[in-house]
Amino acid sequence: MNYEHCQEHPMWFEKSERSHGGPGSDKHPYWLQSCHPDKRLHSQMCESEEYRATYAVQGREPIYINPEDAKSKGIKDGDLVRVFNDRGQLLAGAVVTDSYAAGVVRIEEGAWYGPLNEKIGALDTYGDPNTLTQDIPSSELAQATSANTCLVDFEKFTGKVPPVTAFGGPIEVV
């Protein structure tokens, strides 16, 4: 096929972003995992207010943060957190847990996108991790997503909390 990433033997290819000293980690030091949720199938049931209330934090998608990282940022369980990188930003509700290593945060995929306004890069009010991930394929052959190659930073959210705009009808993003 003459693809650079599909030769006749296994090969290592450096990720475009990698935590712990890798590309991009000086600016955004935390590795964002956005794996499949155990509470829904992709985004199915995210629109159900009753079901969402069983796992959401302050009406937002949860972000799972290691206790050491949370303490270093002054974040406590239940706080709202702004997660960001050069591609976007979102609000999520903190779940402080030692289930993840320091330097790793998790926001499960499938959250509905709810931008604050119609501008690209606007704050996502609900917590869709796709606002932060790269839009590049894993290789020329696979064309799979590369969502787990994503670095972010986060901080405790301060200021007036915007309403969630993800549920209630479409808006046009220009």
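Begin by selecting lysine 156, which is partly exposed, with a relative accessible area of 38%. Bear in mind throughout the tour that the structure on screen is a predicted model.

From lysine 156, follow the side chain to aspartate 79, with which lysine 156 makes a salt bridge whose N to O distance is 3.7 Å. Aspartate 79 sits in the loop between α2 and β3 while lysine 156 belongs to strand β6, so this pair ties together parts of the chain that are 77 residues apart in sequence. Is aspartate 79 itself buried or exposed? At a relative accessibility of 15%, aspartate 79 counts as buried, because the cut-off for that class is under 20%.

Keep aspartate 79 selected and add lysine 76, whose backbone nitrogen lies 2.7 Å from a polar atom of the aspartate 79 side chain. The side chain of aspartate 79 therefore takes part in the salt bridge with lysine 156 and also has this contact with the backbone of lysine 76.

Next, select lysine 73 together with aspartate 153, a salt bridge in which the closest N and O atoms are 2.6 Å apart. Lysine 73 is placed in the loop between α2 (67-72) and β3 (80-84), and aspartate 153 in strand β6 (residues 151-156), so here the parts tied together are 80 residues apart in sequence. Lysine 73 is partly exposed, with a relative accessible area of 27%, whereas aspartate 153, at 13% relative accessibility, counts as buried.

Before leaving lysine 73, add phenylalanine 154 to the selection: lysine 73 lies over the face of that ring, at 5.1 Å from the ring centre.

A further salt bridge can be shown by selecting glutamate 118 and lysine 119, whose side chains meet at 3.7 Å, N to O. Glutamate 118 is partly exposed, with a relative accessible area of 35%, and lysine 119 likewise counts as partly exposed, at 48% relative accessibility. In total, the structure holds five salt bridges, among them the pair of lysine 73 and aspartate 153.

Now turn to the rings. How many aromatic pairs does a search of the whole structure find? The search returns five. One of the pairs to display is tyrosine 126 with phenylalanine 167, an edge-to-face arrangement with 5.1 Å centre to centre and 75° between the planes. Tyrosine 126 is in the loop between β5 (104-106) and β6, and phenylalanine 167 is in the segment after β6, so that the pair links distant parts of the chain, 41 residues apart. Tyrosine 126 counts as buried, at 0% relative accessibility, while phenylalanine 167 is partly exposed, with a relative accessible area of 23%.

Extend this selection to Trp112, and you will have one aromatic cluster, formed by Trp112, Tyr126 and Phe167. Then add arginine 52, which lies over the face of phenylalanine 167, at 3.7 Å from the ring centre.

For the last stop, show the surface and select Met1, Tyr3 and Leu141, which form a nonpolar patch there, with about 330 Å² of accessible area together. Within this patch, tyrosine 3 is located in the segment before β1 (30-33), and tyrosine 3 is partly exposed, with a relative accessible area of 32%.

How values were computed:
Residues numbered from 1 in each chain as written. Predicted model: local features only at pLDDT ≥ 70, side-chain atom pairs only at ≥ 80, totals over all residues. Heavy atoms only, no water. Patch = residues over 30% accessible without salt bridge, like charges linked within 9 Å, V, L, I, M, F, W, Y side chains within 5 Å. Areas by Shrake-Rupley, 256 points an atom, 1.4 Å probe, with all protein chains shown as cover. Salt bridge = Lys/Arg side-chain N within 4 Å of Asp/Glu carboxyl O. Helix = DSSP H or I, 4+ residues; strand = E, 2+ residues; numbered from the N terminus. Buried < 20%, exposed > 50% of the residue type's maximum accessible area, 1.4 Å probe, protein only. Phe/Tyr/Trp six-rings, centres within 6.5 Å; stacked < 30°, edge-to-face > 60°. Lys NZ or Arg CZ within 6 Å of the ring centre and 35° of its normal. Polar contact = N/O pair within 3.5 Å; in protein donor to acceptor, adjacent residues only side chain to side chain.
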